[in-house]
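Please open the structure in your viewer and keep the sequence panel beside it. This tour goes from one selection to the next, and at each stop it says what is there.

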Amino acid sequence: MTTVEQRASAFGELPIKRAVIKQIVPAIAGQMVVLIYNLADTYFVGMLNDPAQTASVTVAGPALLMLTALSNLFGIGGASLMAQSLGRKNPELATRVSTLAFYGGLLLSLLFSLAVLFFAKPLLYLCGATDSTYPHVLSYVKWVIMIGGPFTVLNTLLANLVRAEGGASSAFIGVSLGGAINIALDPFFVLPQFLGGGVGGAGLATAISNMAATAYYVIYLAVKRGSTIISLDPRNLKSGIKEVGTVLSLGFPSAMQYILTVVAVAAQSRFVSMYGTEAVAALGIVKKLDQLPIFFALGVANGLLPLLAYNHAAGKHERRRSAFRFGCTIAVSFAFLCLIAYEIFAPTLAGLFIDDPLTTEYGAAFLRIMVTAMPLMAISYPLIVQFQAIGKVRESLICSLLRKGVLDIPMLFIMNAVWPLYGCMLVQPIVDGISLTAAMLFNRRIRAQGNG
């Protein structure tokens, strides 16, 4: 049995709790590293005490989410099909899928970077840029997307593929390397006592870190050649291209959720921008803080994906259900801890990022409202991933659409009219509740049919 087959067989043979922990701990740790270096950008830019520059990181958020959507389209789709292939004892198919996923992600990221390069001004104004923030947003986006976009996509995509063959710890190393480099470079590139690049310096630091992480994965795969099923050999594309429909269908719900998140975040930024730069800066700070429980839940979901897909393909449905329940328990418990801490320490946490009283006041109020639905979100992500793992694309897509994009924008108009500015923060708790309700109803129906 090869090293990969030994690692993959652990999906179906280790005690359930041990298998779950082995998968989700590196995935959660990797998400925490990503969160830390995302926070680092906001933190060091916030040290400039310039609300316009702090707000620009927020405005750039939708464009960055688009890169995550492109990565998930092939990364999540490819990882899911790879794990299913291993569960069916078909490593050759998994190899072809890995090549398809890599080059598919590369192509889409190049096209997106070019689109942002040529249409930067209308796109960034659509995301919420104003005359005062546009130059800062552009200086950030230039490095992270126009130049570094492919590396941002491939970094996350390759981590998913490595995780899908049982290499969760190796995937974590790559993510951690990128995070450590970004955190180390941020103060030197951003702060005036060093290079003084401001928000543009933060973008450059992020681009370099993503390049380094992508280089790590490429070197890792070259060293592991012969003991890994992942291949970057373009000759595999000829036989692998026929799997593109399956990969895209499995990855589409995750990608669509992020695409619609782009729309929802941009719409929310546009609404909030009517209330001043300080309100936009506060929204950006809160968006960073509420990423802690979100990224934790994403880590649980991403770690569970290959485990759930493998056991579903192998016909071990009770084992899959037990792994899912245990993973959800961990995610929800952490979300409740975050909810309690954020409600108690909201002003202190908001004040960590900027020394501006009005921005801090807005931030504390926004945070207390937005975190109320965190436990609901902590169940939604694993449920959506489970639908993908068992091939229930329609259910996964509907829940993704409900959670982001479809309900958000009309709810923004309603809630902003009912409670100006602060009502915009209630939108996410409301749509999370609706999405979770739909997901649980779908899950119950699938179980009743004997398919879940």
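What follows is a walk through confidence, helices, loops, cysteines and charged pairs.

**Before you select anything**

This is a predicted model, in which local features need a pLDDT of at least 70 and side-chain atom pairs count only at pLDDT 80 or more, while totals for chains, interfaces and linings use all residues. Residues are numbered from 1 along each chain as its sequence is written, and side-chain values use heavy atoms, with hydrogens and water left out.

**Stop 1: colour by confidence**

Colour the chain by pLDDT, which is the predictor's confidence in each residue, on a scale from 0 to 100. The mean for the protein chain is 87, and 97% of its residues reach 70 or more. Now select helix 1 (residues 3-13), where confidence is lowest, at a mean of 63, and then helix 4 (residues 91-118), where it is highest, at 94. Helices here are DSSP runs of H or I with at least four residues, numbered from the N terminus. Where pLDDT is low, the predicted coordinates should not be read in detail.

**Stop 2: helix 16**

Select residues 374-389, which make up helix 16. The expected span of a helix is 1.5 Å times one less than its number of residues, so the 16 residues of helix 16 should span 22 Å, and the 23 Å between its end C-alpha atoms agrees with this. How many of its residues are buried? The answer is 14 of the 16, so helix 16 is largely enclosed by the rest of the structure; buried means under 20% relative accessible area, exposed means over 50%, and partly exposed lies in between (1.4 Å probe, protein chains only). Move on just past the helix to G391, which takes a positive phi of about 80°.

**Stop 3: two loop residues with positive phi**

Next select K89, in the loop between helix 3 (51-87) and helix 4. Its phi is near 60°, a positive value in a residue other than glycine. Then select L421, in the loop between helix 18 (408-418) and helix 19 (422-448), where phi is near 65°, again a positive value in a residue other than glycine. Is each of them buried or exposed? K89 counts as exposed, because its relative accessibility is 61%, whereas L421 counts as buried, because its relative accessibility is 3%.

**Stop 4: inside helix 13**

Select L304, which lies in helix 13 (residues 291-313) and is buried, with a relative accessible area of 0%. Contact means heavy atoms within 4.5 Å, and if its neighbours within four places in sequence are left aside, L304 is in contact with V20, I24, A323, G327 and P382. For a sense of distance, add S239 to the selection: L304 and S239 are 65 residues apart in sequence, and their C-alpha atoms are 28 Å apart in space.

**Stop 5: the cysteines**

A disulfide is a pair of cysteine sulfur atoms within 2.5 Å, and a search of the whole structure finds zero of them. Select C338 and C328 together to see why C338 has no such bond: the closest cysteine sulfur to that of C338 is in C328, 16 Å away, which is too far. For C399 the closest cysteine sulfur is also in C328, at 13 Å, so this pair is too far apart for a bond as well. C338 is buried, with a relative accessible area of 5%, and C399 is buried at 0%.

**Stop 6: the salt bridges**

Side chains of opposite charge can pair when their charged atoms come close. A salt bridge is a side-chain nitrogen of Lys or Arg within 4 Å of a carboxyl oxygen of Asp or Glu, and the structure holds five of them.

- Select R235 and D233, whose side chains meet in a salt bridge at 2.8 Å, N to O; R235 is exposed at 70%, while D233 is partly exposed at 24%.
- Select R325 and E318, which form a salt bridge at 3.3 Å, N to O, and then add R321, since E318, R321 and R325 are linked in a network of salt bridges.
- Select R445 and E395, whose closest N and O atoms are 3.0 Å apart in a salt bridge. This pair links distant parts of the chain, with R445 in helix 19 and E395 in helix 17 (residues 393-403), 50 residues apart. R445 is partly exposed at 34%, whereas E395 counts as buried at 6%.
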